[in-house]
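Student: I have a protein model open and would like to learn how to read it. Could you take me through some features, one by one?

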Amino acid sequence: EIAYADDVAVANDGTIYFSDASAKFNARNNSGSYNASLLDIMEHGGHGRVFRHDPASGSTTVVVDGLNFANGVAVSADQQYILINETGAYRILRYWIAGPNAGTQEVIIDNLPGFPDNINNGLNDRFWVGLVAPRSDLLDSLSDQPWLRKLVQRLPAVFRPRAVPSSHVIAITGDGDVLMNLQDTRARLPALTGVFETRDVLWLSSLFGEHAGRLDKKDLAN
């Protein structure tokens with residue numbers, strides 16, 4: 001059963017890859033998707049999964065599990081692998097779907113400075129990642145104390161850690177090399193979740209904003 005369907009990517013052959021962010025915390029039973037995400041990330045219990053769906057046969061199988069909030073999914077331009085944002089672990093995974101490494105996975109970028117949200121294909125084979133919020137010192141300090149993390153998540157919402165406003169996106173290669181690191185210290189469009197890239201413009205999506213952000217590429221060099 002899919003509890004928290006999150007992101008989807010479709011390969012050229014029609015195969016659908018999608019994330020189930022948390023098999024334990026869903027929107028219906030936890031006052032919405034945002035609150036459910038906070039509960040899952042706080043518990044850090046490895047409830048996230050990524051599925052492969054074959055429209056021809058109708059079969060759906062798990063390809064990666066045990067993830068701490070499985071979030072964005074993107075298929076590489078050469079159709080050799082998918083990238084997966086593991087939000088609660090501040091990292092991005094590569095899962096090979098073809099070639100000699102098919103069926104294996106690896107971490108391509110670790111210890112990110114924030115929570116990676118969506119991952120989108122950009123131009124020239126790059127990928128864009130939205131860092132929706134900076135890392136939490138409290139969560140990091142409790143990383144080896146799961147019982148305390150569970151205790152904190154049961155506190156009233158006003159006492160739980162809150163996301164600090166931030167505007168941060170990065171562009172990476174399929175090997176995890178950072179090509180661009182774009183930040184707005186004033187966080188005028190906070191909680192950025194992803195980027196849609198055209199030849200001239202980066203369109204920015206926000207978790208809470210009512211409008212899409214627009215960043216002209218010609219301004220990046222200024």
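Student: Is Leu38 buried, partly exposed or exposed, and what is its relative accessible area?

Tutor: The general idea first: buried means under 20% relative accessible area, exposed means over 50%, and partly exposed lies in between (1.4 Å probe, protein chains only). Leu38 has a relative accessible area of 33%, so it is partly exposed. This is a predicted model, in which local features need pLDDT of at least 70, side-chain atom pairs count only at pLDDT 80 or more, and totals for chains, interfaces and linings use all residues. Residues are numbered from 1 along each chain as its sequence is written, and side-chain values use heavy atoms, with hydrogens and water left out.

Student: Where is Leu38 found?

Tutor: Helices (H or I, at least four residues) and strands (E, at least two) are DSSP runs, numbered from the N terminus. Leu38 belongs to helix α1, residues 33-43. The chain has 3 helices and 15 strands.

Student: How many of the 11 residues of α1 are buried?

Tutor: The count is 8 of the 11, so α1 is largely enclosed by the rest of the structure. Among those buried are Asn35, Ala36, Leu39 and Ile41. After α1 comes His44, with a positive phi near 60 degrees.

Student: Which residues form a nonpolar patch with Leu38?

Tutor: A patch is made of residues with over 30% relative accessible area and no salt bridge; like charges are joined within 9 Å, nonpolar side chains (Val, Leu, Ile, Met, Phe, Trp, Tyr) within 5 Å. A salt bridge is a side-chain nitrogen of Lys or Arg within 4 Å of a carboxyl oxygen of Asp or Glu. Here Leu38 joins Tyr34, Leu207 and Phe208 on the surface, and together they have about 360 Å² of accessible area, a value from the Shrake-Rupley method with a 1.4 Å probe, where for residues only the protein chains shown count as cover. Tyr34 is partly exposed at 34%, while Phe208 counts as exposed at 52%.

Student: How many aromatic pairs are there, and how do I read one?

Tutor: Rings of Phe, Tyr and Trp (its six-membered ring) pair if their centres lie within 6.5 Å; planes under 30 degrees apart are stacked, over 60 edge-to-face, and the rest tilted. The count comes to 6 aromatic pairs. Phe18 and Phe51 are stacked, because their ring centres are 5.2 Å apart and their planes are at 10 degrees. That pair links distant parts of the chain: Phe18 is in strand β2 (residues 16-20) and Phe51 in strand β3 (residues 48-54), 33 residues apart. Both Phe18 and Phe51 are buried. Tyr34 and Phe208, in contrast, are edge-to-face, 5.2 Å centre to centre with 80 degrees between the planes. Tyr34 in helix α1 and Phe208 in the loop between β14 (201-206) and β15 (213-216) are 174 residues apart.

Student: Now for a polar residue: what does the side chain of Glu86 make a polar contact with?

Tutor: A polar contact is a pair of N or O atoms within 3.5 Å; within protein, one must be able to donate a hydrogen and the other to accept it, and residues adjacent in sequence count only if both atoms are side-chain atoms. The partner is the side chain of Arg91, at 2.6 Å. Glu86 lies in strand β6 (residues 81-86) and is buried, with a relative accessible area of 1%.
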